Structure formats: structure tokens, C-alpha cells
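Please walk me through this structure, starting with its charged and aromatic side chains and moving on to its backbone.

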Amino acid sequence: QLQLEESGGGLVQPGGSLRLSCAASGIIFSWYTTGWYRQAPGKQREWVARITSGGSINYADSVKGRFAISRDNTKNTVYLQMNNLAPEDTAVYYCKVGRTNYDYWGQGTQVTVSS
């Protein structure tokens, strides 16, 4: 059975950092491209970052230079290191793992950036 367990969200002050984790089970994780999305209230879901099974990385312009995506296939986990956080980063963050014809989503973890 496929499971994606997210963790690491919380409340942080502007300029602070958080690291999100998404641990997968029930799949051959190394076969999958993984990524992060976020959704703020009243806004559509926004793509944030991607890392492929081969290690290629892409970022949305809004987070480039501040966020870093990585993966550890031995732990079946994808990470999102978020630095220099700003209030506009406040959202529910979702991990996704996918391959041809299959997409799986995490439950989401809340990130709130506020003074």
C-alpha cells in the first residue's frame, strides 16, 4: 500500500528556516520523480520544486535561491529545505511522487511565516 507521510511544517518568523520531509512506502521509490507543491487560501495550487529519479532539479522562480530540494533513496524520502522564509511562503505544502500514469500526493503540512 502506498503511503506518503509529510512532516516538518510549523510556525516560523520571517527570515527563518524549515525543512520538510516526505517519506514514502509501498513503492519502489527510486523509480519516481518527486516534487513539492503549495497552496495558500484562496489561491490555486502552485508547483514549487522537482527532483527526478536521475537527480535533475528544477525550481519555481519564486523560491529559486532560497529553497533546496533533495532526496535520499535509501530512506525513501524527499526533502525541501526552506531558507529565508517570507510571509508569502505561507501555505499548505504537499509532496508528490509520480511516474508515467501514476501520481501520489501527501496529506499536506502547514507552513506559516509570521512575526
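A charge is taken to sit over a ring if NZ of Lys or CZ of Arg is within 6 Å of the ring centre and within 35 degrees of the ring normal. In this predicted model, the charged end of R99 sits over the ring of Y32, 5.7 Å from its centre, and R45 lies over the face of Y94, at 3.9 Å from the ring centre. Aromatic rings also pair with one another, and the structure holds 2 aromatic pairs.

Another charged residue, K96, belongs to strand β9, which covers residues 91-99. K96 is buried and yet has no salt bridge, the nearest side chain of opposite charge being that of D103, 4.2 Å away. Because a salt bridge calls for a side-chain nitrogen of Lys or Arg within 4 Å of a carboxyl oxygen of Asp or Glu, the 4.2 Å between K96 and D103 does not qualify. The side chain of K96 does make a polar contact of 3.2 Å with the side chain of Y37. Leaving aside residues up to four places away in sequence, K96 touches T33, T34, G35, Y37, D103, Y104 and W105.

Turning to the backbone, most residues other than glycine have a negative phi. N84, although not a glycine, has a positive phi of about 50°, and it lies in the loop between β8 (77-82) and β9. N84 counts as partly exposed because its relative accessibility is 48%. N101 is likewise not a glycine and has a positive phi, here of about 75°, and its place is in the loop between β9 and β10 (102-105). With a relative accessibility of 73%, N101 counts as exposed.

Key:
Residues are numbered from 1 along each chain as its sequence is written. This is a predicted model: local features need pLDDT of at least 70, side-chain atom pairs count only at pLDDT 80 or more; totals for chains, interfaces and linings use all residues. Side-chain values use heavy atoms; hydrogens and water are left out. Rings of Phe, Tyr and Trp (its six-membered ring) pair if their centres lie within 6.5 Å; planes under 30 degrees apart count as stacked, over 60 as edge-to-face and the rest as tilted. Helices (H or I, at least four residues) and strands (E, at least two) are DSSP runs, numbered from the N terminus. Buried means under 20% relative accessible area, exposed over 50%, partly exposed in between (1.4 Å probe, protein chains only). Lys and Arg count as positive and Asp and Glu as negative; His and the chain ends are not counted. A polar contact is a pair of N or O atoms within 3.5 Å; within protein, one must be able to donate a hydrogen and the other to accept it, and residues adjacent in sequence count only if both atoms are side-chain atoms. Contact means heavy atoms within 4.5 Å.
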